[in-house]
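Let's read this fold step by step. Each short question below gets a short chain of reasoning.

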Amino acid sequence: METQNKKAIDHRSPITDHFLNFQVDHMTLLVAPEMYNVAYALFRIIFGVKKEDIIYEKRKEWVKGQGEASMTFAARIGRGLVGGEALENTIVAVVQPSEPKTQPSHVRAMLADHNAAAHWQHIALRVPDLLAFHRYALERGVNFITPILKDADEDLIQVFSGEWFFPGSSPSGMFFEFVQRNPTEALLKKLEERNRQSWFRDKTFLGLYGEKETEYQKGNVTPFIDAELFNQIQNLLGAKKLWEITEENIRSAESLMVEYARRKTAGKNPHRRI
Ligand SMILES: [Fe+2]
């Protein structure tokens, strides 16, 4: 057991592992319906977003016959420089709770939980090798609320983490998305085979939206790491000042994570080892 942990840890270095290199791809802002259209105007005017820089806008008719509501738009507020056009855009996605007042809405709940008209919900970080990062994070007990998804419109694969909060606290409405742009054909094929059932989501925005809605309606929001693992790390480090946390402590915390994930995976798949 000890040897296995060591092996899992020793093979990597955060500085040299190329998949542990993150760049901000986009950020998603939740706003109250009262400011959705004003937010649109502010992006158009103050941030100089042209019509063609509104890279998507999704609508839904929640109640038949009542007409469509705009759920979200994404504004490209900055363009990549020559050579990095596709990968270096700066994008903000804006989401409003578009459901009728009589219907639950996780977006409305997240804003209400913060008593706020606007809330940064997730940051999408671009990685060069999403599969490698995903595996690395799973091996350390990180929870994801979706499998790796392929966007139907864009050349993009993505996965969404659980939310950041601690045992006993309310869900924070803050999580991470990890994306890889321009995946190769071979990678797409590999993912498609691995993920056959969940592959053909109509739109990844709606896929994520549905997952979050289910979590909030059930009152069972997936945390970034399980409460048990959180407590193990907190027991190890919680009494220290930040500057007293040693490299040895970090290695011990990582061992806890690897061991926790190994036990959890073994419990789920008794005949499979990670
Ligand atoms: Fe996103």
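Q: In which helix is the place of A112?
A: This is a predicted model. A112 falls within residues 106-113. That stretch is helix 3.

Q: Is A112 buried, partly exposed or exposed?
A: Count the C-beta atoms around A112: 14 others lie within 10 Å. A buried residue needs 20 or more, and an exposed one has 12 or fewer. The count for A112 falls in between, so A112 is partly exposed.

Q: What distance separates the C-alpha atoms of A112 and A32?
A: Along the chain, A112 and A32 are 80 residues apart. In space, their C-alpha atoms are separated by 9.5 Å.

Q: Which residues of helix 3 are buried?
A: Helix 3 spans residues 106-113. A112 is partly exposed, and it is not on the buried list. The buried residues are H106, V107, A109, M110 and L111.

Q: Which residue just after helix 3 takes a positive phi?
A: Most residues other than glycine have a negative phi. Here is a residue that is not a glycine and still has a positive phi, of about 50 degrees. Its place is in the loop between helix 3 and strand 5 (118-126). The residue is N115.

Q: Is N115 buried or exposed?
A: Inside 10 Å, N115 has 7 C-beta neighbours. The cut-off for exposed is 12 or fewer. So N115 counts as exposed.

Q: In what order do the 8 strands stand in the open sheet?
A: The chain has 9 helices and 8 strands. The 8 strands form an open sheet with mixed pairing. Their order is 2-3-4-1-5-8-7-6.

Q: Which strands stand at the edges of the sheet?
A: An edge strand here has a single partner strand, so one side is left without a neighbour in the sheet. The two strands placed this way are strand 2 (54-60) and strand 6 (149-150).

Q: How many bridges join strand 1 to strand 4?
A: Strands of a sheet pair through backbone hydrogen bonds, either parallel or antiparallel. Strand 1 and strand 4 run parallel. M27 stands opposite V92 in strand 4. The number of bridges is 5.

Q: Which residue of strand 4 is the bridge partner of T72?
A: Strand 3 (residues 69-78) and strand 4 (residues 90-95) pair in the antiparallel sense, over 6 bridges. In one of these strand 4 pairings, R76 has I91 as its partner. For T72, the bridge partner is V95.

Q: Which helix lies across strand 1, strand 3 and strand 4?
A: Look for residues 36-45. This helix runs at about 20 degrees to strand 3. The helix is helix 2.

Q: How many of the 8 residues of strand 7 are buried?
A: Strand 7 covers residues 156-163. On one side, 2 bridges join strand 7 to strand 6, and the two run antiparallel. Strand 7 also pairs with strand 8 (residues 175-181) in the antiparallel sense, over 6 bridges. Strand 7 is mostly covered, and its buried residues number 6.

Q: Which residue of strand 8 is the bridge partner of E163?
A: Strand 7 and strand 8 are antiparallel partners. In strand 8, the partner of E163 is F175.

Q: Which members of the largest nonpolar core touch the most other members?
A: In soluble globular proteins, nonpolar side chains tend to be buried together. The largest nonpolar core here has 22 residues. The members with the most such touches are L130, F133, I148, I157, V159, F178 and V179.

Q: Which elements give two or more residues to this core?
A: The core draws at least three residues from each of domain 1 (2-9 + 227-268) and domain 2 (23-126 + 142-218). Its contributors include two strands, strand 7 and strand 8. The full list is helix 4 (130-138), strand 7, strand 8, helix 7 (204-218) and helix 9 (247-268).

Q: How many residues are in the second, separate core?
A: This core includes M71, A74, A75 and V95. V95 is also the bridge partner of T72 in strand 4. The second core has 16 residues.

Q: Is G219 buried or exposed?
A: G219 lies in the loop between helix 7 and helix 8 (227-237). Within 10 Å, G219 has 8 other C-beta atoms, so G219 is exposed.

Notes. Residues are numbered from 1 along each chain as its sequence is written. This is a predicted model: local features need pLDDT of at least 70, side-chain atom pairs count only at pLDDT 80 or more; totals for chains, interfaces and linings use all residues. Two strands pair if DSSP finds at least two bridges between them. Helices (H or I, at least four residues) and strands (E, at least two) are DSSP runs, numbered from the N terminus. Two residues are in contact if their C-beta atoms, placed from the backbone, lie within 7 Å. Axes are lines fitted to C-alpha atoms, for helices over the stretch in contact, and angles run from 0 to 180 degrees between N-to-C directions. A nonpolar core is a set of buried Ala, Val, Leu, Ile, Met, Phe, Trp, Tyr and Cys residues joined through C-beta atoms within 7 Å. Domain bounds come from an automatic or database domain assignment.
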